[in-house]
Amino acid sequence: MPEDDLEDLPGVGPATADKLMDSGFESYQAIAVASPGEMSNTADVGESTAADIINAARDAADIGGFETGSTVLERREEIGKLSWLIPEVDDLLGGGIETQSITEVYGEFGSGKSQVTHQMAVNVQLPKEHGGLEGACIFIDSEDTFRPERIDDMIRGLDDEIIADLLERREIEGSPGDDDTMDALLDSFLDHIHVAKAFNSNHQILLAEKAKELARDNEDAEFPVRLLCVDSLTAHFRAEYVGRGELAERQQKLNKHLHDLMRIGDLYNTAVLVTNQVASNPDSYFGDPTQPIGGNILGHTSTFRMYLRKSKGDKRIVRLVDAPNLADGEAVMRVQDGGLKPE
């Protein structure tokens, strides 16, 4: 049972409280950041009643007022940084992928987007002294990209020092070079990666709601959810909404989906990592014609925007395209059998 008693809010009786809980409005904070229309549609309450409930929750949760920059700075100290374990890329990102933010990685096929999501699903489980967040991962798979075998490769590709520390922490007997020992370590990693395959855009939106429930249920677990991957964010939306006539509806649904993901990041201190497909701009005569799809909706909602492009052999160029507090720049990494590695 959540700490907040929803029945203390005006107009909320036992039946309404159950509706709110079933719709994911399980705390004052979750209610306070909702809109009356959203609550009315999802929790089956009248819009005027929803507005009263939201206003009362805002007062109770003390949300919506101004605060000093010092208070904001103090709160930002709770934000975690998930390392790529590639110093050049981590420097580009100011230490790694931030929690409570959406990081978008886009690029053409074969550029390494899914490799990044797999590597982060491993790295997030590492101890903080090794660049991880000691947390679990939720993986929404819309393109059938998740491969446990790739997770195995990346675990075996970790430094021996990190593997030895992991074996000790997870109470697994054996040495880093032993296959049975590494299989046991793989199982322990896979146990903390929650995978769901999205069959269409509506299902993908539903899975985001289920992810919120999973993050809530594991908030006090040994491995709380610290990473939410969506690979890819836009594939189903792109396939199902074709032509200018359906563009507005697509963008509206995509916008809601992004805000659902953002809410998970804010409420549960989770890093949100999404991959995005690209299109070629035929009007571009100079420079790289590759552009991410999703339009301004995705561009404005993504906190950090990164562009991956192929280079010679296993090299990939990682370019930071947009960030609120970091300068644009580029770094080089390699995609190898053992995962993402420095140049």
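These exercises walk through selected residues of the structure above.

The model is predicted: local features need pLDDT of at least 70, side-chain atom pairs count only at pLDDT 80 or more, and totals for chains, interfaces and linings use all residues. Residues are numbered from 1 along each chain as its sequence is written, and side-chain values use heavy atoms, with hydrogens and water left out.

**Exercise 1. Place aspartate 8 and decide whether it is buried or exposed.**

Step 1. Find the segment. Aspartate 8 sits before helix H1 (14-22). Helices are DSSP runs of H or I with at least four residues, strands are runs of E with at least two, and both are numbered from the N terminus.

Step 2. Apply the cut-offs. Buried means under 20% relative accessible area, exposed over 50%, and partly exposed in between (1.4 Å probe, protein chains only). Aspartate 8 has 59% relative accessibility, so it counts as exposed.

Step 3. Look for company. Asp8 belongs to a surface patch of negative charge with Asp5, Glu7, Asp18 and Asp22. Patch residues have over 30% relative accessible area and no salt bridge; like charges are joined within 9 Å, and nonpolar side chains (Val, Leu, Ile, Met, Phe, Trp, Tyr) within 5 Å. A salt bridge puts a side-chain nitrogen of Lys or Arg within 4 Å of a carboxyl oxygen of Asp or Glu.

**Exercise 2. Determine which residues serine 111 touches.**

Step 1. Locate serine 111. The loop between strand E3 (102-106) and helix H7 (113-123) holds it.

Step 2. Check its cover. Serine 111 counts as buried because its relative accessibility is 0%.

Step 3. List the contacts (heavy atoms within 4.5 Å). Leaving out residues up to four places away in sequence, serine 111 touches Leu308, Arg309, Lys310 and Arg316.

**Exercise 3. Follow H3 from its buried residues to the residue just after the helix.**

Step 1. Pick out the buried residues of H3. They are Glu38, Met39, Ser40 and Ala43.

Step 2. Name the packing partners. These buried residues pack against H1, helix H2 (28-32), H4 and helix H13 (247-268).

Step 3. Step off the helix. Just after H3, aspartate 44 takes a positive phi of about 60°. Aspartate 44 lies in the loop between helix H3 (36-43) and helix H4 (47-61). Its relative accessibility is 58%, so aspartate 44 counts as exposed.

**Exercise 4. Find the backbone exceptions at glutamine 100 and serine 232.**

Step 1. Recall the background. Most residues other than glycine have a negative phi, and most peptide bonds are trans.

Step 2. Check glutamine 100. Its phi is positive, near 60°. Glutamine 100 is in the loop between strand E2 (97-98) and E3.

Step 3. Check serine 232. The peptide bond from aspartate 231 to serine 232 is cis, with omega near -5°. Serine 232 lies in the loop between strand E6 (225-231) and helix H12 (235-240).

Notes: Areas by Shrake-Rupley, 256 points an atom, 1.4 Å probe, with all protein chains shown as cover. Lys, Arg positive; Asp, Glu negative; His and termini not counted. Charge placed at Lys NZ, Arg CZ, Asp CG, Glu CD.
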